[in-house]
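Biologist: I have a predicted model to go through and would like to know what stands behind each label. Could you set each value against its rule for me?

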Amino acid sequence: LVRAVVAVEPLGPPFAAISGALPYGITHAPLSFDPPLAEGDTLASADQPSPGEGLVAYKVQAEPARRLPNLAQMPIVVVTAEASWMAGDNHAMVHFLAQAGCRVEHLRLEDRGIHGNGHAMQLERNSDQIAALLSGWIGEQDLTNS
């Protein structure tokens with residue numbers, strides 16, 4: 001029933017979220033990987049350098065990377081606010097999902113002319129502008145094959 005994923009500042013970064021280790025890269029719970037993980041196994045990770053100023057170094061899957069076939073069937077957007085405490089690490093989620101075969105886009109609000117928002121963007125004065133941007137993104141997606 002899910003046709004797309006709009007991940008507004010999702011938990012992360014992969015493998016090392018602030019809430020503790022993520023043994024399946026982006027979750028605490030097992031995911032359906034291809035090839036599948038054996039019961040009790042977790043993903044191996046590989047360190048990646050910072051891709052630019054203000055962005056943290058991060059981890060992806062060790063190669064060969066496993067795919068996420070259920071998530072690869074739908075468009076995904078990771079949304080990041082300019083002044084959020086997550087602004088420096090959401091790129092890691094995007095890289096992890098792309099490596100796993102997902103169609104993922106990173107939508108940084110400042111790149112769309114929306115400035116100053118923090119992590120709780122849904123509570124801020126311009127939340128209607130952000131909701132319109134996300135609604136527009138959803139409208140642009142081909143959801144027939146998802």
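## Labels and the values behind them

Biologist: Why does Asp47 count as exposed?

Modeller: Asp47 has a relative accessibility of 58%. A residue is exposed over 50%, buried under 20% and partly exposed in between, with a 1.4 Å probe and protein chains only, so Asp47 at 58% counts as exposed. Before we go on, please keep in mind that this is a predicted model, where local features need pLDDT of at least 70 and side-chain atom pairs count only at pLDDT 80 or more, while totals for chains, interfaces and linings use all residues. Residues are numbered from 1 along each chain as its sequence is written, and side-chain values use heavy atoms, with hydrogens and water left out.

Biologist: What makes Asp47 and Lys59 a salt bridge?

Modeller: The rule asks for a side-chain nitrogen of Lys or Arg within 4 Å of a carboxyl oxygen of Asp or Glu. The side chains of Asp47 and Lys59 meet at 2.6 Å, N to O, and therefore qualify. Asp47 belongs to strand S4 (residues 45-48) and Lys59 to strand S5 (residues 58-61), so this bridge ties together parts that are 12 residues apart in sequence. Lys59, at 27% relative accessibility, counts as partly exposed.

Biologist: How many salt bridges are there by this rule?

Modeller: The count comes to three. Glu105 pairs with Arg112, with their closest N and O atoms 3.4 Å apart. Both ends are partly exposed: Glu105 has 29% relative accessibility, and Arg112 has 43%. Glu110 and Arg108 meet at 2.8 Å, N to O, and both of these residues are buried.

Biologist: How do you know which stretches are helices and which are strands?

Modeller: They are DSSP runs numbered from the N terminus: H or I over at least four residues gives a helix, E over at least two gives a strand. The protein chain has two helices and seven strands, in the order β-β-β-β-β-β-α-β-α.

Biologist: What makes Phe15 and Phe96 an edge-to-face pair?

Modeller: A search of the whole structure finds one aromatic pair. Phe15 and Phe96 form it, with 5.8 Å from centre to centre and 70° between the planes. Rings of Phe, Tyr and Trp (its six-membered ring) pair if their centres lie within 6.5 Å; planes under 30 degrees apart are stacked, over 60 edge-to-face and the rest tilted. The Phe15 and Phe96 rings pass both tests, so edge-to-face is the right name. The two residues are 81 apart: Phe15 sits in the loop between strand S1 (5-8) and strand S2 (16-17), while Phe96 sits in helix H1 (residues 90-99).

Biologist: Are these two rings buried or exposed?

Modeller: Phe15 is buried, with a relative accessible area of 11%, and Phe96 is buried at 0%. Not counting residues up to four places away in sequence, Phe96 is in contact (heavy atoms within 4.5 Å) with residues including Pro14, Tyr24, Ile26, Leu43, Val60 and Leu68.

Biologist: What makes a group of residues a nonpolar core?

Modeller: The members must be buried Ala, Val, Leu, Ile, Met, Phe, Trp, Tyr or Cys, joined through side-chain atoms within 4.5 Å. The largest core has 17 residues, and Phe96 is among those that touch the most other members, alongside Ile26, Phe33, Leu43, Leu68, Val78 and Leu97. H1 supplies the largest share of this core, four residues. Apart from it lies another core of 11 residues, among them Ala81, Ile130, Leu133 and Leu134.

Biologist: What is unusual about the backbone around Phe15?

Modeller: Most residues other than glycine have a negative phi, and most peptide bonds are trans. Phe15 has a positive phi of about 70° although it is not a glycine. Glu9, in the loop between S1 and S2, also has a positive phi, of about 45°. Pro13 is in this loop too, and the peptide bond from Gly12 to Pro13 is cis, with omega near 0°.

Biologist: How do you know that the chain agrees with a compact globule?

Modeller: The radius of gyration is taken over C-alpha atoms, and the globule rule is 2.2 Å times the number of residues to the power 0.38. For 146 residues that gives a value near 15 Å, and the protein chain has 16 Å, which agrees.
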